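Subject: Model handover and findings

Hello,

I am passing this structure on to you. Please open it first, then read the notes underneath.

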Amino acid sequence: MMNYRILCLLTLTALISACSTQPTGPITPPPTSVGAISKWETSGRVGIRTPKDAVSGNFNWQKDPTTFALNIVGPFGQGATKLDKSQDGVVTLAYDDTVITGNDPATLLQQELGWEFPVEQVSYWIRGLADPHSAARITHDTDSKLPRKIEQDGWLVTYNSFTTVNGLSLPQKMQVSNPPFKVNLIINQWTIQ
């Protein structure tokens, strides 16, 4: 009798688990190439060096074809900086007790924080791609054929390591520099569609 109850309980638990894990909407097939990634989220550590400042902390960046949300939080939750772009193209920068809006994320960062950070280009570079809107020189690793360096628009992007996500090679450690500005990224997590 006891074994029968345990068996019934296990069967019921398995059925409930199976029902709760069924997809509720259309399944998006995974991208077949890095260039085919239409939506992504990444998080990790960031270090930003400017002529007057050095900032380090954690970042989370969500990007789809028309919007993005980039959050940088300093050690112990201090110094949060949020930069996002809405569906209608409005870019909002929020830091300390300040919130400003504009049309270009790089301009807002430069005017308000003194940071040179080409957000639109970095959205390509972070995936190991050159921005298709301007000329670039790409140096590939001879063995893996993955990019080691991208030189574009006065910036040097150096890739130190890659990770595999859904069968695709994506950067894990990289540096974006245009002296005296330098940004180091260590990416702990990728989610791609």
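Below is what was found, taken topic by topic.

One caveat up front: this is a predicted model.

**Strands β1 to β3**

Start with β1 and β2. Strand β1 covers residues 40–49 and strand β2 covers residues 54–63. They pair in the antiparallel sense, over ten bridges. Four residues make the hairpin connection from β1 to β2. For a landmark in this pairing, take V46, which stands opposite G57 in β2.

Then go on to β3, residues 68–73. Strand β2 pairs with β3 too, again in the antiparallel sense, through six bridges. These two strands also form a hairpin, with four residues between them. Here the landmark is W61, whose bridge partner in β3 is L70.

**The cavity**

How many cavities of 30 Å³ or more are there? The count comes to one. Its volume is about 130 Å³. The lining has 14 residues, and those closest to the centre of the cavity are V46, I48, L70, I72 and F117. Two of these names have come up already: V46 as the residue opposite G57, and L70 as the partner of W61.

Which elements give two or more residues to this lining? They are β1, β2, β3, β4 (81–85) and β11 (181–192). The largest share is from β4, with three residues. By class, the cavity lining has twelve nonpolar residues, one polar and one charged.

**L93**

L93 sits in strand β5, residues 91–95. Is L93 buried or exposed? The cut-off for buried is under 20% relative accessible area. L93 has a value of 0%, so it counts as buried.

Look at what surrounds L93. Setting aside neighbours within four places in sequence, its contacts include T81, K82 and L83. T98, V99 and I100 are also in contact with L93. So are L108, L109 and E112. L108 is 15 residues from L93 along the chain, yet their C-alpha atoms are separated by 7.0 Å.

**Strands β7 to β9**

Next, β7 (residues 136–140) and β8 (residues 147–152). They pair in the antiparallel sense over five bridges. T139 has K149 in β8 as its bridge partner. The hairpin of β7 and β8 has six residues between the strands. In that turn, check K145, which has a positive phi of about 70°.

Strand β9 spans residues 155–165. It runs antiparallel to β8, and four bridges join the two. Q152 is bridged to W155 in β9. Two residues lie between the strands in this hairpin. Which residue takes a positive phi near 50° here? It is D153.

**The largest pocket**

The largest pocket holds about 200 Å³ of space. Its lining has 16 residues. Nearest the centre of the pocket are K63, D64, P65, S123 and Y124. Helix α3, residues 119–125, gives the most to the lining, with three residues. By class, the pocket lining divides into five nonpolar, five polar and six charged residues.

**Where to look**

For a quick pass, I would view the cavity from V46 and L70, which are among the residues closest to its centre. Then go to the pocket by way of K63 and Y124, which are among those nearest its centre. Finish on the two turn residues with positive phi, K145 and D153.

Best wishes

Methods:
Residues are numbered from 1 along each chain as its sequence is written. This is a predicted model: local features need pLDDT of at least 70, side-chain atom pairs count only at pLDDT 80 or more; totals for chains, interfaces and linings use all residues. Side-chain values use heavy atoms; hydrogens and water are left out. Two strands pair if DSSP finds at least two bridges between them. On a 1 Å grid over the protein atoms alone, a cavity is a set of points where a 1.4 Å probe fits but cannot get out, and a pocket is an open set with protein on both sides within 12 Å along at least five of seven lines; lining residues have an atom within 4 Å of a point. Grid points are joined across faces, edges and corners, and a volume is the space filled by probe spheres set on the points. Ala, Val, Leu, Ile, Met, Phe, Trp, Tyr, Cys and Pro count as nonpolar, Asp, Glu, Lys and Arg as charged, and the others, Gly among them, as polar. Buried means under 20% relative accessible area, exposed over 50%, partly exposed in between (1.4 Å probe, protein chains only). Contact means heavy atoms within 4.5 Å.
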